[in-house]
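Me: Got a minute to walk through this one with me? I'd like to start with the empty spaces and then move on to helices and sheets.

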Amino acid sequence: MASAVDLPPELSCRPMPFVVLTGLDVTYNAVHKSIWDAFSNNRRNERLQISFSCLPGDHTYPQSKAKRSSYDWYIPKGLLKTGWLKKHLSQVPAVVVVFFELDWDDGAWREQYLACASRVQVVRTSLHGRTTKVAVVLIQKSSPLPPGEDLIAAERAAALCSACDLSAKSLFVLPHTDHLLGYITRLESAFYELAQAYYHTECRRVKAHKEFLNKTTHQLLFPRHQFKIAFFNEQMQESATALKHYHQCYNHIHELRLHDTNNLELKMVGGFVNYKICRLCFLSLSAPVDAISQFQRHVELFKPLCGNNELLFEHSAWLSKQFLVFGDLFNEAIQSENLTAVQTQHPGFYYQQAACYALLRKKLAHSLCRPVSNQPYPANDPLESESLEYYGQRPWRQSHQRIDLSDTSREKEGILALKLREAKFDHSWQIIPLLSSAVALFKKFPCPRLKRYLTIQMAKEYRFAKDFSKAIALLQKAKSQYQSGRWCHIFTQLLALLLDCAYCTADVNLYCAFSSELLGRYSQITIDEKTKIQENLISIISGKVPKRIVIDKAYVGEVRPEDHDPNQAHEVWKEALDKPAIHTSVDVVDLVPFIECKVLFSQEQYPLDSCALIHLHSILFAPQPVQVSELTISFNHSVYDITKSFAGDEFRLEPWKVKSHSFEFPFHRSDVLKSIEVEKLTLSVFSSTGSLTLKWPGSKLEQVAFDIPSCPRNVQASCTKWSAIPSRRCTTATERACQLQVDVKHMAPALVGEVFPMQVCIFSKESDGILAENVTVLASLEPSLHQEEELFQDTCVSLTAYELSECNSKTAELKFGDLHPGEELERVIYVKANTHGTLKFTFQTSYSVRDVAIFSCIDSLKQLKTMTCSSSASTEVSFDVLPPFKIASHVTSKNFETASSIVYNKPFFVLTTLTLGSNWPIQIFSTQTTLPSESGFSVIGGAEGLNGVLYKDESLTDCLNVICNNSTDRHVDNTSVGYFKVEWQRLDKFGDVPRVLTTLKLPNVTAKLVPLHVNASLPSFAVLREAFQISFSIENQSNESRLVEIQYLSSDAFMFAGPKQTNNFLSPFSTHSLTFNIIPLALGYQTLPHLRIMMSHSHASVDGKFEDVDLLSLPTHLIVKPAQYND
C-alpha cells in the first residue's frame, strides 16, 4: 500500500546534470584525491548545481535500446517506467570526463599519448549508442603558458584531439597548483555547458518521436514524452521551460480514458506531475499563487476518481498523501525565506486536510477490511513481485492496459491481499504526525479553536495507539477551555474519553477525578450512565474493581477503538486496589465535581467584639444520595481552621437539593485589620475500607459557574436557588466601634500669622460600667494633594500658645487619661500659619476597654470569651487661612503724584494703607515705619503710629513726610525706603494668645542727584480775568557754576507777562527768582504755562550722568473760578 501512494526518492530530489569523472585514483593517489574533494565537497548554492560521480574507466553504463524507425506496431504498456528517473539521475551521464596525467614536455609523450587515446576509446565503447559528451582533462604539474607562446603545447594538443576524436573545446588542462579550486570552478562551467548540449540533444530526440505517434494506440506516449522533455529541462536548470512541458504532460494525462484497471496508475503519475509543477512554482519560480491554484485544480479533477469501491481506502490514502506533499512543499518554501505565509493561507490547512483523509482512510479500512480480516492470506501472494516496471500498476497484472480483466480470480486475490495488509496497518501513527504538524502551524499563525479541535483529534489517535498518558495530557489541556466556553456537549465527550483512558491505565486518582466531573451538572450523559459511574466510585473506595463503562458520546460518528483486554484490565485494577485502605483525593482546581460548595461570610467586616459567622452551602448533582463524613475549612490564619465530623444523616446530601451549615469563631486581638480568607475546603466521604476526599481551593469557591438550562424540569427550582446563592470567602476583623464623641470648636477662617486656637471636646458614650482608658487624641496636619508645599512647611502646631514661634511640629498629642461613661473633657491646641491657603487636620482618637464579652451569633445567650479591645476613630477638620488685611504702600511727590524715583534733599511722601479683608474685626495696637538711616532717609517733623479697631472693608492710611539727604554724588537704583510694622490682634480673641507683629517691606525707589532745584509760589486757585503772580525760585545745588536758558511756554487757558526766554548765570549754591503776571482766560481745571529750563552745552558735559533740573514738584494745573467766587 505504501508503494501505491509514496513519492519515489528520485522524484522528490532536485534534478541536476549528471557528470562522471573517470581516471581518478582517489584511494592511493593524493593528487587525485584532492581533485575529487574539490569537485564533491562544499557544494554551496553559489556554485553550479552539478551531480558528480567518480567511476572507473571501464564502468559499464546502461545499454541504449535500439532506436525505432516506426511506432506502427508498438503498443505502450504503461505511462512512466519506474527506473527511468533513476537512470537519468545517476546512471546515464551527460558528460564523462577522462582525467589523465600528462605534461606537454613529458619525455614519454608518444606512449602516454597513445594510452590516453586508448582510455577514451574504452569510455566511448561503454557508452555505445548514447549521445553522452566525452571530455579529457590533462593533470599537469606546472601552470600553462599564455596562449600562443607555447608552440609545442599547441601542436601536441591538436594531435591529442585528433587521436581521441575530440573537439578542441573538450580538451582541458588542470595544473595541480595552489589555485586548484579556481581551476576546478572553471572546469565545472565547461562541464555544465557540455551537459547542457547533451540534454538539448535528448530533448530534440524525444520531440522527434511525435511525428510517429497517433492518439488511437499511442495515447500513453504523449504524456510520457512531455514528462521526459520537462525532466531534461529541469536537469538543464531551465525551470520555466520545464514547467510548460509538465503542464502539457498533465493535460495529456487528463485526456486519457479512465477505467478501474488504470485508475491508480493515472492518479500516481498525475500526482507526480502535479508535485513537479508545484515544486517549480514554489522553489524555483517564486509563484506560490500558481502552485496553490494548480493544487486546487489537481484535487478537483482527481477527487471524484475513486476507482474500485472495495479499495476506497486506497483513494483516501492517495488524497492524504497529496495534501501532505503539498504542505511539505509549502513549508519548505517558507523556511527557505522565499515566501511569507499568512493566517488564512499556510501549510497547516493542508496538513489538516491530509489528516482528515487519513482519518477517512482509517474509517473506510475499518468498514471494508474488518469483515475479511479473518480470511486466510492468498497462498500465491499477488503482491510478491519484487519490482514494478511502471508506476501505479498492480503487481499481479503488470503492463495490463485493457478494460476487461483476463483473470478475475487473481484480481479478487489481489484485492483481498490489499485489504488484509490494510487491516494490519496502524493508521494512528500515520495520523498523529500530520495532526502534530497542523497544530504547530495553527499555533504559529493563531487559530485557537481549530488548534484545540486538532489537539483533541490527536489525543483520540493516541488513544487508538494505546498511548493513554499522552492522550490524557492532551485532553486535559482542551477540557477546561471547552468548559469555560460553555461547550457542554464537547466537554462531556472529552470527559468520556478521559474516563476511558484512565480506566485503561488503572489510575485511581484520575479515574475518580473524571468520574466526579462526569457526575457534575455540566455533563450531558444519561442518568443511567451517571448511576453506573457513581457505583464505580463507591466500588473503588470500597476496594472493589470497577466495571468498564464506554459512554456513547465519546465516539460519536467515529471508529471505536479495540476493546482493552478485560482480563488484563481487571488484573491491573486489582493490583492498583491491593491496599489495606484506598484513600483517594480529588483537587477541584480545573474541574467541577458532582458536589458543589459555596462559602459565605455573613458580613464583609466584623468588629473585634463580635464573632465571625460563615455559611457553607452544598448541593449534590449525582443521581444517588451521598453521606459526608468529615468537613474541614482552612483559613489563611490556621488558628481559625474548622474541622467537624458528621454521624448518621447529619450531613446527608440529596440529589439536586441545597444543604446549608453555619459555623462561627471569635477573632484574636492580633488579627485586627487583617483579611481572614478561606484557603481550602475539604469534604470526605468514608467507607469501611477507604475514602474519597474533595479539595476546593479558596479561589474555586468564589468562581461563578454558568447556568445550565438542560437540568431536569423537576429540579429547575433547585438550580435557580443554587445560582442565586452568593459567595464571600473573605472578611476583615476591624477595631471595636468607637463610643467617644469628638467635637472640634474653632473660629474659622484663621488669619495669617495669628495664633489660632482649636478647642477639642470629647464625650464618652460607653455603656455603664465600661471605662475608656488611656484616651488620646492625636491632631495631625495632613498634606493635601492640592496644598502648596510652602503652606505645609510654614504651619506649626503646639499645645502652648507662646511656643509656636520656636517649634515646627505638625502634630500635637492630647492625653485625656481615663474617661467614665457620660463624662466630657476639653483641651486646646494652637495653630500658626504664615501662608494663606486651606489647612486640613485629622484628629485620631484611640483608647482601650477591658473585659469585653463576646457572644455567639448562633446562640445569642452563649458567651464565647472576654477580651481587651482597643477602639479608634478619626475626625477631619478643614478651614481656610486668609491674610488679615491688604497692605498697599507707595511713594508720592509733594503734589501726591505717584513717583518711582526721588530727588536728594527734596521731601516726598510715603503713604501706607491697611484694608481689612476678613470677617473678624481686628484691634490695631500700633504701627511703626522703620527707615534705613544708612541710606540717608529721615522723617520730617516726626512720625506718629496708627491704632484703633478695623472692621470688614475699613481702611487706615499712614502718611510720612520723608527726605533723603545727599550722601553720595551718584544715582542709587532700587534702594529700599524701609519697613512698615503693624502690631495687631483679633478683637474677639479666644483665651490668652499673643499679639501678632506683621512687617511690610516698603517699595524701592531710585534716588537721583539733580543740580538745579526749582520751587514755585502761586495761589491755590485763580479767578477768571483777574491777574495773579507766579514766582519761581531756581537754586543751584551743585558746587559748579551753571549757565541756564529759561523758557516760559504759553498756554491757551492763560496769558502772562514776564520774561518769556532768558539766559542766566548761576554761581554755586546761588538762587535766581522769576516772577510772572498771569490772567486766566478759561474756567475749570486748566493747564498752566510750562516752565522749561535747559543748561548750556558748555556745562552739560560737566556731569552728564545727572538730570539737569527737577521739575516734578512744580504745579502743572490750576483751578479757575468765576468772578462771583472771588471773596
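**Cavities, helices and sheets**

Reply: Sure. The largest cavity has a volume of about 60 Å³. Keep in mind that this is a predicted model.

Me: OK, and how many cavities of 30 Å³ or more does the structure hold?

Reply: Seven of that size turn up in the structure.

Me: Back to the largest cavity: which residues line it?

Reply: Its lining consists of Leu7, Gly271, Asn274, Tyr275, Cys278, Phe295, Gln322, Val325, Phe326 and Leu329. Two elements, α10 (263–284) and α12, give two or more residues each to that lining.

Me: How does the lining of the largest cavity divide into nonpolar, polar and charged?

Reply: Seven of the lining residues are nonpolar and three are polar, with no charged ones.

Me: Now pockets. What volume does the largest pocket have?

Reply: The largest pocket comes out at about 780 Å³. There are 30 residues lining the largest pocket, and the closest to its centre are Lys65, Lys67, Arg205, His209 and Lys228.

Me: And by class, what is in the lining of the largest pocket?

Reply: The lining of the largest pocket has 12 charged residues, 10 nonpolar and eight polar.

Me: Which helices each supply at least two residues of that pocket lining?

Reply: That would be α4 (84–90), α7 (180–207) and α8 (221–235).

Me: Switching to helix packing. You mentioned α12 at the cavity; how do the axes of α12 and α13 cross?

Reply: Helix α12 covers residues 312–335 and helix α13 covers residues 347–369; their axes come within 8 Å and cross at roughly 165°. The two helices are therefore roughly antiparallel to each other. In the contact of α12 with α13, 20 residues are nonpolar, five are polar and two are charged.

Me: Left-handed or right-handed, when α12 passes α13?

Reply: That crossing is left-handed.

Me: What about α13 and α14, at what angle do their axes cross?

Reply: Roughly 125°, with the axes of α13 and helix α14 (residues 408–424) coming within 10 Å. So α13 and α14 are oblique to each other. The crossing of α13 and α14 is left-handed.

Me: On to sheets. In what order do the strands β7, β9 and β14 sit?

Reply: They form an open sheet of three strands in the order β7-β9-β14, with antiparallel pairing. The edge strands, β7 (595–601) and β14 (658–666), each pair on one side only. On average, neighbouring strands of this sheet are turned by 20° against each other, direction ignored.

Me: How many bridges join β7 to β9?

Reply: Seven, linking β7 to strand β9 (residues 611–620) in an antiparallel run. If you want a residue pair to look at, valine 599 stands opposite leucine 616 in β9.

Me: Now the sheet with β41. What is the strand order there?

Reply: The order is β43-β41-β46, an open sheet of three strands with antiparallel pairing.

Me: Why is one side of β43 and of β46 left without a neighbour in the sheet?

Reply: Because β43 (1061–1066) and β46 (1090–1095) stand at the edges, each with a single partner strand. Neighbouring strands in this sheet are turned by 25° against each other on average, direction ignored.

Me: Last one: over how many bridges do β41 and β46 pair?

Reply: Strand β41 (residues 1042–1049) pairs with β46 in the antiparallel sense over six bridges. For example, glutamate 1045 has methionine 1094 in β46 as its bridge partner.

How values were computed. Residues numbered from 1 in each chain as written. Predicted model: local features only at pLDDT ≥ 70, side-chain atom pairs only at ≥ 80, totals over all residues. Heavy atoms only, no water. 1 Å grid on protein atoms, 1.4 Å probe; cavity = no way out; pocket = protein on both sides within 12 Å on 5 of 7 lines; lining within 4 Å. Points joined across faces, edges and corners; volume = space filled by probe spheres on them. Helix = DSSP H or I, 4+ residues; strand = E, 2+ residues; numbered from the N terminus. Nonpolar A, V, L, I, M, F, W, Y, C, P; charged D, E, K, R; others polar. Axes fitted to C-alpha atoms, helices over the stretch in contact; angles between N-to-C directions. Parallel < 35°, antiparallel > 145°, perpendicular 65-115°, else oblique. Left-handed = near helix turned anticlockwise from the far one by under 90°. Pairing = 2+ DSSP bridges.
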